[in-house]
Amino acid sequence: MNVSRQDLRDALPRLRGQRVAVVGDLLLDEYIYGSGSRLSREAFLPVFEPVRTVTQPGGGAFPPLAIRVMGSDASLIGCAGDDATAAVLRGHLRDAGVNIAGVVAAPGRTTTRKTRYMAEGFFRFPQQVFRVDHLPRDPFPAAQDRQMAEAVRAVRDVDAFLVSDYGQGTASTAVVEAVRETARRLGIPATVDSQRSLDPYHRFALVRNNRAEAVAYLGVPLPTVRDVLDALPRLQTRLDAANVVVSLGADGLAYKGESDAPQYIPAGQVDVFDVTGAGDTLIVVLTLALAAGLSLDVAARLGNLAAGVAVRRLGNVAVGYDDLHAAIEEADDALFVPPAQSTPDGGSHG
């Protein structure tokens, strides 16, 4: 289906005012900025001198923030520890207006924190020197797992579920089944962005993954866009999913809806600064669009543009309504070429 620039202009306001329940792995992103102006006498390594620290919600805690920035309401279901990291994370979410009543506490558990050391002064932009991950080593206690499943089943008055699975344990079998059952009972779409196996996510309204995850799930190489497009029907059938979307990085986006042929959207010409948050941004816009009743063709193009904005920024920076509006106006005309003319591998695919 061809989608015009005006179609996206008309669709954009409908991303506002939606209500989304996010089920996700909670983590805190920490950025420590500093300089390394001298070498250590102990080893041939720079001495890093911290100057300032910035924290923000990350992982499955980032989509609710992005939903709020887009002008919609978000609630969050997940599990955090009872440590200082959890307190900071909860504070950020409250300040953003996210409903965190569904966030349960696991006493004594470490809340995931990813600390990035960013060197300034040598480059035009800060550069990540290294990252330290503070991770819990034990699975969620059974009591917290039950609490999260119960929180999912208690959800009312929302327009969509979004599962953000970073492989940290929130999306257990019981929790995923609760999402599936509750979405069906409420008659709303459930979407997922999973960084682990796609096996748990059968019968979801939309499954988003990248090329590597599709390769791992299907067990076949997908070196070209054509290969991905040809594989989409099999991916959709195996997952019994209404819609599947595969991110292709610099190659763009491939997707397939319930009754349409596989489609492809080019990425467009953007200067990629940091890919962090691009996938989260994409699934947020896709979810808001489906919640609003927009077609997958429109949703995919809006999501593709939003992800293009995200990669031009450092770290997980939420893409707002005005950002996406500007991206629509600035988008290359190639985005609006009928799909059969825009496949980089040549030929028509639908």
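Where does Asp157 lie? Select it and have a look: Asp157 is in the loop between α4 and β8. Before going further, keep in mind that this is a predicted model.

**Stop 1: the α4–β8 loop**

With Asp157 still selected, check its backbone. Its phi is positive, about 55°, although Asp157 is not a glycine. Now turn on the surface. The relative accessible area of Asp157 is 61%, so this residue counts as exposed, the cut-off being over 50%.

Stay in the loop and pick Asp159. Asp159 makes a salt bridge with Arg19, and the closest N and O atoms are 3.0 Å apart. Trace where the two partners sit: Asp159 is in the loop between α4 (142-153) and β8 (160-165), Arg19 is in strand β1 (residues 19-24), and so the bridge ties together parts 140 residues apart in sequence. Colour by accessibility and you'll find Asp159 buried, at 18% relative accessible area. Arg19, on the other side of the bridge, is partly exposed at 33%.

**Stop 2: Ser194**

Next, jump to Ser194, which you'll find in strand β9 (residues 190-194). Want a distance to draw from the previous stop? Put it between the C-alpha atoms of Ser194 and Asp157: they are 25 Å apart in space and 37 residues apart in sequence.

Is Ser194 buried or exposed? Its relative accessibility is 0%, so Ser194 counts as buried. Show what surrounds it: leaving out residues up to four places away in sequence, Ser194 touches Asp165, Tyr201, Arg208 and Glu213.

**Stop 3: more salt bridges**

How many salt bridges does the count come to? The count comes to 13. You've already seen the one between Asp159 and Arg19; here are two others to select.

Start with Arg52 and Glu120, whose side chains meet at 3.0 Å, N to O. This pair links distant parts of the chain, with Arg52 in strand β3 (residues 46-59) and Glu120 in the loop between β6 (112-119) and β7, 68 residues apart. Arg52 is partly exposed at 39% relative accessibility, and Glu120 is partly exposed too, with a relative accessible area of 24%.

Then select Arg153 and Glu181. Their salt bridge has its closest N and O atoms 3.8 Å apart. Here the partners come from two helices: Arg153 is in α4 and Glu181 in α5 (residues 173-186), so this pair ties together parts 28 residues apart in sequence. Arg153 is partly exposed, with a relative accessible area of 38%, and Glu181 is partly exposed as well, at 30%.

**Stop 4: a nonpolar patch**

Back to the surface view. Highlight Val129, Phe130 and Val132, which make a nonpolar surface patch of about 230 Å². Zoom in on Phe130, found in strand β7 (residues 127-134). Phe130 counts as partly exposed, with a relative accessibility of 41%.

**Stop 5: α7 and the loop after it**

Now move to helix α7 (residues 225-239) and pick Gln236, which lies in it. Gln236 is buried, its relative accessible area being 9%. Which residues does Gln236 touch, not counting those up to four places away in sequence? Display Ala241, Ala242, Asn243, Val244, Lys256, Gly257 and Glu258 to see them.

Then step to Asp240, in the loop between α7 and β11 (243-247). Asp240 is a residue other than glycine with a positive phi, near 50°. As for its surroundings, Asp240 is partly exposed, with a relative accessible area of 48%.

**Last stop: α9 against α10**

Finish by showing helix α9 (residues 296-310) together with helix α10 (residues 321-330). They pack at an angle of about 105°, with their axes 9 Å apart. How do you name that arrangement? Angles of 65 to 115 degrees count as roughly perpendicular, and α9 and α10 are therefore roughly perpendicular to each other. To see the contact itself, turn on side chains on both helices. From α9, select Leu302, Leu305, Ala306 and Val309. From α10, select Asp323, Leu324, Ala327 and Ile328, which complete the contact.

How values were computed:
Residues numbered from 1 in each chain as written. Predicted model: local features only at pLDDT ≥ 70, side-chain atom pairs only at ≥ 80, totals over all residues. Heavy atoms only, no water. Patch = residues over 30% accessible without salt bridge, like charges linked within 9 Å, V, L, I, M, F, W, Y side chains within 5 Å. Areas by Shrake-Rupley, 256 points an atom, 1.4 Å probe, with all protein chains shown as cover. Salt bridge = Lys/Arg side-chain N within 4 Å of Asp/Glu carboxyl O. Helix = DSSP H or I, 4+ residues; strand = E, 2+ residues; numbered from the N terminus. Buried < 20%, exposed > 50% of the residue type's maximum accessible area, 1.4 Å probe, protein only. Axes fitted to C-alpha atoms, helices over the stretch in contact; angles between N-to-C directions. Parallel < 35°, antiparallel > 145°, perpendicular 65-115°, else oblique. Contact = heavy atoms within 4.5 Å.
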